[in-house]
Amino acid sequence: MGSELAILGGEPAFAEALHVGRPNIPDEGLVLERIRQAIDRRWLTSFGPLVKEFEEELARQAGVKHCIATCNATIALQVLIRAGGLRGEVVMPSFTFIATAHTLRWEGVTPVFCDIDEETGNIDVAHARKVITERTTGIMGVHLWGNPAPTEELAALADEHGLRLFYDSAHAIGGTRLGRPVGGFGDAEVYSFHATKFVNAFEGGAIVTDDDALAERVRLTHNYGRGEGNHVSCVGTNAKMTEVAAAMGLTSLENMAYLIDVNRERFDRYAAGLADVPGIRLRRPSPGNTVNHQYVVIEVDTPGTGLSRDDLVATLQAENVLARTHFHPSCHRTEPYVHEQAVSAPLPLPHSEALSDRVVQLPTGTGVTLDQVDQVCALIGRAVRHAPAVTKACLA
Ligand SMILES: Cc1ncc(COP(=O)(O)O)c(C=O)c1O
């Protein structure tokens, strides 16, 4: 057969698994030193100096006045949805991580799913316009895989209808659109610092905004509704970030430029290694955008490869390359929402469904060497060359 692919009986190419989203540990010594200082101060959480420094740096980089750090992005989105007064219906792209939808629903808001532009992976603004009703109070954009959404068009749409415009920017810190950094678009943006994210704080999130009144409301909401003198003025929750998380987040943030270089190098290597593999397309940032390259995503065109997306993933996993298929299925096809289609998803959403059937995320970041990237590309090439045998093995 002339193939050493594990799925056809060979040995796995990697003894140790290659993971998508393996955490970047920026400067272990500095992280531990900052944690030690926090312990010495006996100031472990609740607006400590590390959280303050992290917030100031995030606001500075985003070019906005306010940043409120949180324990994760899911709670940050909930806090923002509530503090921002979203009610009724909010338009969002279906092709995103499920947290974007859940946070709206959790706050009693109906997520109205709209389709995406397959080329960019981001919200299709023309379709978003079509699903706006008299109950719509906002738009939740997503910078998918760090690739900034069409912010100018969305701002115009939100203005036209008097809607709030927020961004789920969980993937996108470090990116820019038309020279402007992510973090300053819409009324507010939300970052995630989950361990798998580009900048990580073990778990963490942040809301960045230039809107003074919204920032004040977010600050109260993320701290039990308590403000000056512990006066409680609204219903709130506990969304605060700890000093330990900020120690990691701050150190990670200080290393952002280095981490972008690491990711870009790997992205370029994937681009070179996959250029001649028929039916495989590496996704790139949209014109006018720069990204952090934390997400290396390929599309599998089955007529071109002779191989289904799922069979390619099974082949890579047999080699210990733990490729992923985020985001499959799209939100509107998940159990909690599929039954609510009449209210939450004006079907069909053909582009979300088509893209979610084609995508594969490949490992990158500091946990993957350039040689390993070459090996992954070679495996993909070999799987495509042996597509009929691979398909047969997957069926068996
Ligand atoms: C698009 C998107 N939104 C929100 C989240 C939630 O982030 P967190 O894990 O910080 O709660 C994620 C996490 O992966 C995400 O990918």
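Which ligand atom lies 2.6 Å from a polar side-chain atom of Asp168? It is a nitrogen atom. The model is predicted, and the ligand is a good place to enter it.

Start with the residues around the ligand. There are 14 of them, and Thr74, Asp168, His171, Ser192 and Lys197 come nearest. Three polar side chains can be followed one by one. Thr74 places a polar side-chain atom 2.5 Å from an oxygen atom of the ligand. Asp168 reaches a ligand nitrogen at 2.6 Å. His171 has a polar side-chain atom 2.7 Å from a ligand oxygen. Taken alone, the ligand would expose 380 Å², and the protein buries 90% of that. The site itself is the largest pocket, where the ligand sits. Two elements give two or more residues to the shell around the ligand: helix H3 (73-83) and helix H4 (98-106).

Now follow the chain to the loop between strand S3 (89-93) and H4, where Ser94 is placed. Is Ser94 buried or exposed? Its relative accessibility is 0%, so Ser94 counts as buried, the cut-off being under 20%. Beyond its neighbours within four places in sequence, Ser94 is in contact with Phe113, Cys114, Ser330, Cys331, His332, Leu349 and Ser352.

Some of those partners, Ser330, Cys331 and His332, lead to another stretch worth a look. The loop between strand S14 (321-322) and helix H12 (335-338) holds Phe327. Pro329 lies in that loop between S14 and H12 too. Most peptide bonds are trans. Two bonds here are not. His326 and Phe327 are joined by a cis peptide bond, with omega about 5°. The bond from His328 to Pro329 is also cis, and its omega is near -5°.

Backbone angles deserve a look elsewhere too. Most residues other than glycine have a negative phi. Ser46 is not a glycine, yet its phi is positive, about 65°. Ser46 is found in the loop between helix H1 (28-41) and helix H2 (49-62). With a relative accessible area of 31%, Ser46 is partly exposed. Leu178 has a positive phi as well, near 50°. Its place is the loop between strand S7 (176-177) and strand S8 (180-181). Leu178 counts as exposed because its relative accessibility is 56%, and the cut-off is over 50%. Asn320 takes a positive phi of about 75° just after H11.

That brings us to helix H11 (residues 309-318), which holds Thr315. Which residues of H11 are buried? They are Arg309, Asp311, Leu312, Val313, Thr315 and Leu316. Residues three or four places apart in an α-helix point the same way, because the helix has 3.6 residues a turn. Thr315 has a relative accessible area of 1%, so it is buried. Not counting residues up to four places away in sequence, Thr315 touches Leu5, Ile7, Ala383 and Val390. How far is Thr315 from Asp168, C-alpha to C-alpha? The separation is 33 Å, with their positions 147 residues apart along the chain. Asp168, recall, is among the residues that come nearest to the ligand.

Two further buried residues show chain segments meeting. Cys67 lies in strand S2 (residues 66-70). Its relative accessible area is 4%, so Cys67 is buried. Leaving aside neighbours within four places in sequence, its contacts are Glu55, Leu58, Ala59, Ala206, Ile207, Val208 and Arg219. Cys67 and Arg219 are 152 residues apart along the chain, but their C-alpha atoms are separated by 9.2 Å.

Val291 is the second case. It lies in the loop between strand S12 (289-290) and strand S13 (296-300). At a relative accessible area of 10%, Val291 is buried. Val291 touches Gly146, Asn147, Pro148, Gly175 and Pro285, not counting residues up to four places away in sequence. The C-alpha atoms of Val291 and Arg177 are separated by 8.9 Å, although the two residues are 114 apart along the chain.

Conventions. Residues are numbered from 1 along each chain as its sequence is written. This is a predicted model: local features need pLDDT of at least 70, side-chain atom pairs count only at pLDDT 80 or more; totals for chains, interfaces and linings use all residues. Side-chain values use heavy atoms; hydrogens and water are left out. Helices (H or I, at least four residues) and strands (E, at least two) are DSSP runs, numbered from the N terminus. Buried means under 20% relative accessible area, exposed over 50%, partly exposed in between (1.4 Å probe, protein chains only). Contact means heavy atoms within 4.5 Å. A residue is near a molecule or strand if one of its heavy atoms lies within 4 Å of it. A polar contact is a pair of N or O atoms within 3.5 Å; within protein, one must be able to donate a hydrogen and the other to accept it, and residues adjacent in sequence count only if both atoms are side-chain atoms. Accessible areas come from the Shrake-Rupley method with a 1.4 Å probe; for residues, only the protein chains shown count as cover. On a 1 Å grid over the protein atoms alone, a cavity is a set of points where a 1.4 Å probe fits but cannot get out, and a pocket is an open set with protein on both sides within 12 Å along at least five of seven lines; lining residues have an atom within 4 Å of a point. A molecule sits in a cavity or pocket if more than half of its atoms lie within 2 Å of its grid points.
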